[in-house]
Amino acid sequence: MSSSVSHIITTVLSGLTATVIAAVGGIALTVVLSLVAGLALGSPSRTVRGISRVYVEIFRGTSEVVQLFWLYFVLPVLVGFQLVPMFAGILVLGLNHGAYGAEIVRGAVNSVPRAQFEGAVALNLTPAQRMRRVILPQAFAEMLPPFNNLFIQLLKSTALLSFIAVPEMARQGELLRPVFGADLGWIYGTELVLYLLLALLITSGMRLLERIAARRLGRAPAKMTATAGGV
């Protein structure tokens, strides 16, 4: 391996930590906002539903790049306070993907059979107990596959943080481009492989959660069967 290729790989790898921090932070915030906003969308209070719906539509209906620029460049002008780039990036990732996650939560809760609600009422459970003991455990299993896709999309969105100088992988790769223009294949190839490995790691973790959730509900995990055309 030539010294230039070794330098490229090392430089891109130096951004891996920032990418992981942004992804983990964004995922954590996404989960919290998804649950809060998703459950609020089903609230009996019209005010609560309205506030949640406004949040969801604003962050689903506007560009994630514009949201990032607004929070990092415009907000300091308005309030006189500059956010740390990584914090601003995590906040935008969480707010944006939390809006999509809210709809996942709402749909999963609504997918629980009506008989489960009625049975919980017959047992004299309070609304909070019904949600915690009966509805959410079943809805949780339905949320996991779409949340897997959402988290992978969030991982890929961490590359947008290069616009505000967060030293994640895409940013480190762009710093190499002016000097190593003849080795663009190595620069972007290294990035592709690293993003793929991180996405596979997320998928593995979510598949494990799916199996645990199915086992707790007494469901048999889905089995992959081989066909003549492939797996």
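Modeller: Helices here are DSSP runs of at least four residues, strands runs of at least two, numbered from the N terminus. The model is predicted.

Biologist: How many helices and strands are there in the chain?

Modeller: From the N terminus on, the elements run α-α-α-α-α-α-α-α-α. The C-alpha trace spans about 70 × 60 × 25 Å along its principal axes. The count for the chain is nine helices and zero strands.

Biologist: What share of the residues of the chain count as buried?

Modeller: Buried means under 20% relative accessible area. The chain has 231 residues. The buried share is 39%.

Biologist: Are helix 1 and helix 9 parallel, perpendicular or oblique to each other?

Modeller: Helix 1 covers residues 3-13, and helix 9 covers residues 184-216. Their axes come within 9 Å and cross at roughly 40°. Angles under 35 degrees count as roughly parallel, and 65 to 115 as roughly perpendicular. The crossing falls in neither range, so helix 1 and helix 9 are oblique.

Biologist: Is the crossing of helix 1 and helix 9 left-handed or right-handed?

Modeller: Take the axes again, with their crossing at roughly 40°. The hand of this crossing is right-handed.

Biologist: How many salt bridges does a search of the whole structure find?

Modeller: Side chains of opposite charge can pair when their charged atoms come close. The cut-off is 4 Å, from a side-chain nitrogen of Lys or Arg to a carboxyl oxygen of Asp or Glu. The search of the whole structure finds five.

Biologist: Which residue meets Glu-103 in a salt bridge and lies in helix 3?

Modeller: The N to O distance of this pair is 2.6 Å. The pair links distant parts of the chain, 50 residues apart. Glu-103 sits in helix 5 (residues 85-111), its partner in helix 3 (residues 46-61). That partner is Arg-53.

Biologist: Is Glu-103 buried or exposed?

Modeller: The limit for buried is under 20% relative accessible area. Glu-103 has 15%, so the residue is buried. Its partner Arg-53 has 30% and is partly exposed. For Glu-103 the answer is buried.

Biologist: Which residue of helix 5 forms a salt bridge with Glu-103?

Modeller: The closest N and O atoms are 2.7 Å apart. The two residues lie three apart in helix 5, about one turn of the helix. The partner has a relative accessible area of 30%, so it is partly exposed. It is Arg-106.

Biologist: What separates Glu-57 and Arg-60 in helix 3?

Modeller: These two form a salt bridge, with the closest N and O atoms 2.9 Å apart. Both are partly exposed, Glu-57 at 37% and Arg-60 at 31%. They are three residues apart, so the separation is about one helical turn.

Biologist: Which residues are linked in a network of salt bridges?

Modeller: Glu-103 pairs with Arg-53 and with Arg-106. Glu-57 pairs with Arg-60. The linked residues are Arg-53, Glu-57, Arg-60, Glu-103 and Arg-106.

Biologist: Is Val-79 buried or exposed?

Modeller: Val-79 is in helix 4 (residues 64-79). Exposed means over 50% relative accessible area. Val-79 has 54%, so the residue is exposed.

Biologist: What is the area of the nonpolar surface patch that includes Val-79?

Modeller: Val-79 makes the patch together with Trp-70, Leu-78 and Phe-81. The area is about 480 Å².

Methods. Residues are numbered from 1 along each chain as its sequence is written. This is a predicted model: local features need pLDDT of at least 70, side-chain atom pairs count only at pLDDT 80 or more; totals for chains, interfaces and linings use all residues. Side-chain values use heavy atoms; hydrogens and water are left out. Patches are made of residues with over 30% relative accessible area and no salt bridge: like charges are joined within 9 Å, nonpolar side chains (Val, Leu, Ile, Met, Phe, Trp, Tyr) within 5 Å. Accessible areas come from the Shrake-Rupley method with a 1.4 Å probe; for residues, only the protein chains shown count as cover. Buried means under 20% relative accessible area, exposed over 50%, partly exposed in between (1.4 Å probe, protein chains only). Axes are lines fitted to C-alpha atoms, for helices over the stretch in contact, and angles run from 0 to 180 degrees between N-to-C directions. Angles under 35 degrees count as roughly parallel, over 145 as roughly antiparallel, 65 to 115 as roughly perpendicular and the rest as oblique. A crossing is left-handed if the near helix is turned anticlockwise from the far one by less than a right angle, and right-handed if clockwise.
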